[in-house]
Every structure is written in structure tokens, then in C-alpha cells.
Amino acid sequence: MVTLHRRLERDHADALRATVAAARALEAQGRRVARLDIGEPHFPTPQHIVDAAHSAMRDGATKYVSPQGLADLRDAIATAQRSRGIDMSADDVVVTPGVKPMLMYVLMAVCRPGDEVLVPDPGYPGYAASARLAGATVRRYPLTEIGASFSVDVDALRACITPSTRVLILNSPHNPTGMVIESIALEAIADLVMRHDLWVLSDEIYSALTYDCAAPPSIATLPGMRDRTIIVDGFSKAYAMTGWRLGYAVLPSALVGDITALVADGSTCTPPFVQYAGVAALTGPQDALTDMRRAYASRRDALTAQLRSIDGIHVTTPDGALYAFANASELMRDSKIRSSGDLSLELLQQYHLACVRGSAFGARGEHHLRFSFAVAADHLADALVRLAAWGRGHRT
Ligand code: PLP
């Protein structure tokens, strides 16, 4: 019998959780740990969003609602997505408790057993976990790294496509590298997708978090792509709403019925007062988002400058998302450290600084460390002191 554990082959997702668990264990011993491991905005959820949930609860929005999601929220999402150039209506939206369950529902809806799902390497571990749960086979396509800067290599991607390939997962801005896929690369990818008749699952959860560059383009805006692209997006990162659990998909109309049925069977609906909070997030003032983005940009700059000052570490300035993905190959070679897991453990145990081992994001993440800059300014300042001490430790 195939156990749940076997079905998940819990490699990368477990590696990520192990890092977090090790940091928490140290904290439980009373140690102060500089946590740059979790991709969670430290800012509180903006007050007007919290207030909207309170008044919705007081007004009785506490019962089952439509599995597809409230019309008010789907309308607000359609307006926001149309302003990015996505040709869609509120009928194309399905709402879920976070993006994570939506990844699974989408892959369950479009994959037959044995179908292959192309996931980026390095990439967010949730993709492989969801694909396996959906009974699909995971195939990783390599991102190319030149001078610590990542991009999608369309030729390498083409080489990964087989007759069984069914879905291509894109993520831009990208976790863990901060890469934003440029329009010209998206056009080449779209061409490939149409030739091979694939679905695209485009994870755009960081689309509101780009720095010093234009809003990231969506592949769904390219000719012929809207009907084969599933955009997933959510409120966790942009609006500091990780614990609320609110996400959604913009679907080709042919998939709306199936995904809504999966939501109905899997989670019934998304809590209505949370959905009203989402309406306030999208339709209310955007100043908090602007302020948070500005703060992340300056923390990103401080973090990457500190990382660059360490011998043997290379890092580019991420264009988006909340992470710096540092290439530590040189430092590891010089200090004879074998894996990014050992390196992250050294940082945690000797300097009480938590980051995520690059191998948690796939084989191509090995020799890297992911540092989140979604933390408070004083917390980051403390982490930078520890990073500097670690760098000095490796020089001597
Ligand atoms: N997609 C990416 C790329 C992420 O980094 C994350 C969370 O870290 C998620 C999806 C999950 O987001 P949610 O909190 O909406 O489930």
C-alpha cells in the first residue's frame, strides 16, 4: 500500500520545515535567534483591513457561503487584474483559503495519473508537493544562473518537455531568487506552451512586490495564452495577511466548474469575513502597500550589501519577492563545507542566524542560502551584525 508519506516524497518541503523547526527549537531554549528564514511580512495587517473583517463578523458574515467566493471579492479581484491587462470577468475567479490549496486543486483538475508537471529548479517546494498529491509526476526545469542572477533558459525548458508534459509552473517574481521573468522570455515560453499544448500555472503571489522595475508582466496577457493560463495570486505577502488564509485563481472558463467543485468538496468555502477583508485590501487605500514595499526595498539593499561584503558570497539584487538568494559555492569550497544544509546549520548554531538552505528549493539551489528581508528594521540590523561576524569567522 502506498502511504501518504510515500506519495508526497517529502524531500524539499520537509527540508524547509526542518530549518524552521531548528530555529524554533533554539528559541525554545531561550536563545535570541535572528530569523531570516520565513517569508512572512513582519508588518501587522493594515488596520482598515482588520476593521472590515470585524464589521463583517458583526454584520453576520459568519456562515457558509458560495464555494466559488463572494461576488464582492471576485468583482474586486477582476478590477485589480484587469488593471494589469488581464482580459477576464468576476465569473473566472475562484477563491480559496490561501494560494497553497489552490495549487493542489488546479493540479488535481488538470492532471491525469502519469502526467508530468514542470516545476522550476530552484523553486517553491509547494509545487512539487501539490503535483505529487494530485498524482502527477514532477519534472524540474533548470533556471540558469549567471553571476548569481537567475533566468528561465527557454532551450533548457524545451529539453524538459515530453509527450507526457501537461502543466508548466511559472513563478514571477520568484521565490527564492527574486527573479522577474521579462516579456521577451515570456513570449518565447508562450510559443513553446502553444506548440506543445500545455497548461500554464502562473504563480503571481509576489506581483505587487517588485522594486525599481516595472510591474511584472503576466504570461496570460500574451496572444492565445489567457485560455491556457491559470493565474494564482493571494493576499498573504502583499497585504501582510499570511494568517488570514486568502488566495484565488483566475481561470480559463472551462476550468471554473471543476475547481469550484473541488473547493466545495475540499474546504466548503473561504470564511466570508476573511473575504470581506480581502475586498477592503483591494478597494481601500493602497498607502500601506506602498510603504511596506518601500521598507522592503531598503532592507533588501542593506541585506544584499552585507552579503556582498563577505568573501566567497555572491548575490544579485532581487527585482521582486522578499528574498536574497546568495551563492555560497566559493565560501563552501574554501571552508570545505559540503552542503547548504551544513552551512545553514553553522549559521544557526554558531551565530544564531536562521536562513533556509538552498537545497530546500531543489538540486540547483544547493550551494545557496535564502535570506528573507520581510523582517523588522531592528531585527534586520541585528541579523546583519551576525552575518558580518560569520563572514569574519570564515576569513580567519
Ligand atoms: N507561492 C509562493 C511562491 C510562495 O512563496 C508562497 C508562500 O510562501 C505561496 C505560494 C503560498 O501562499 P499562501 O500563503 O497564499 O498559501
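In this predicted model, the C-alpha centres of domain 1 and domain 2 are separated by 25 Å, and the domain assignment of the protein chain gives domain 1 as residues 4-44 together with 287-390, while domain 2 takes in residues 61-283. The contact between the two draws 39 residues from domain 1 and 35 residues from domain 2. The size of an interface is often given as the accessible area lost when the parts come together. Between domain 1 and domain 2 that buried area comes to about 3100 Å², with carbon and sulfur atoms giving 59% of it. On the side of domain 1, the residues that lose the most area to domain 2 are D319, F361 and R364, and together they account for 19% of what that side buries.

The packing of helices can be followed next. Two packed helices are described by the angle between their axes and the distance between the axes. Helix α3, which covers residues 47-58, packs against helix α10, residues 272-283, at an angle of about 140°, and the axes of this pair are 8 Å apart. The crossing of α3 with α10 is right-handed. On the α3 side the contact is made by H48, I49, A52, A53, A56 and M57, and on the α10 side by F273, Y276, A277, A280 and A281. Sorted by class, the residues of this contact between α3 and α10 comprise 10 nonpolar, one polar and no charged.

Helix α5, residues 99-110, takes part in two packings that can be read together. With helix α9, residues 253-266, α5 makes an angle of about 125°, and the axes lie 10 Å apart. An angle that falls outside the ranges under 35, over 145 and 65 to 115 degrees counts as oblique, and α5 and α9 are therefore oblique to each other. Their crossing is right-handed. From α5, the residues M102, Y105, V106, M108, A109 and V110 make the contact, and they meet L255, D258, I259, L262, V263 and G266 of α9. By class, this contact of α5 with α9 holds 10 nonpolar residues, one polar residue and one charged residue.

The second packing of α5 is with α6, where the angle is about 40° and the axes are 8 Å apart. For this pair too the verdict follows from the angle, so α5 and α6 are oblique to each other, and the crossing of α5 and α6 is right-handed. Here the residues contributed by α5 are K100, L103, M104 and L107, and those contributed by α6 are Y127, S130, A131 and L133. The contact of α5 with α6 divides into six nonpolar residues, one polar and one charged.

The backbone also deserves attention at a few points in the loops. Most residues other than glycine have a negative phi, and most peptide bonds are trans. Against that background, the peptide bond from D121 to P122 is cis, with omega near 5°, and P122 is placed in the loop between β3 (116-121) and α6 (126-133), where α6 is the helix whose Y127, S130, A131 and L133 contact α5. A cis peptide bond also joins N175 and P176, with omega about 15°, and P176 sits in the loop between β6 (165-171) and α8 (183-195). A240, a residue other than glycine, has a positive phi near 55°, and A240 is found in the loop between β8 (229-234) and β9 (247-250).

Conventions: Residues numbered from 1 in each chain as written. Predicted model: local features only at pLDDT ≥ 70, side-chain atom pairs only at ≥ 80, totals over all residues. Heavy atoms only, no water. Axes fitted to C-alpha atoms, helices over the stretch in contact; angles between N-to-C directions. Helix = DSSP H or I, 4+ residues; strand = E, 2+ residues; numbered from the N terminus. Left-handed = near helix turned anticlockwise from the far one by under 90°. Contact = heavy atoms within 4.5 Å. Nonpolar A, V, L, I, M, F, W, Y, C, P; charged D, E, K, R; others polar. Domains from an automatic or database assignment. Buried area = accessible area lost by both parts, 1.4 Å probe.
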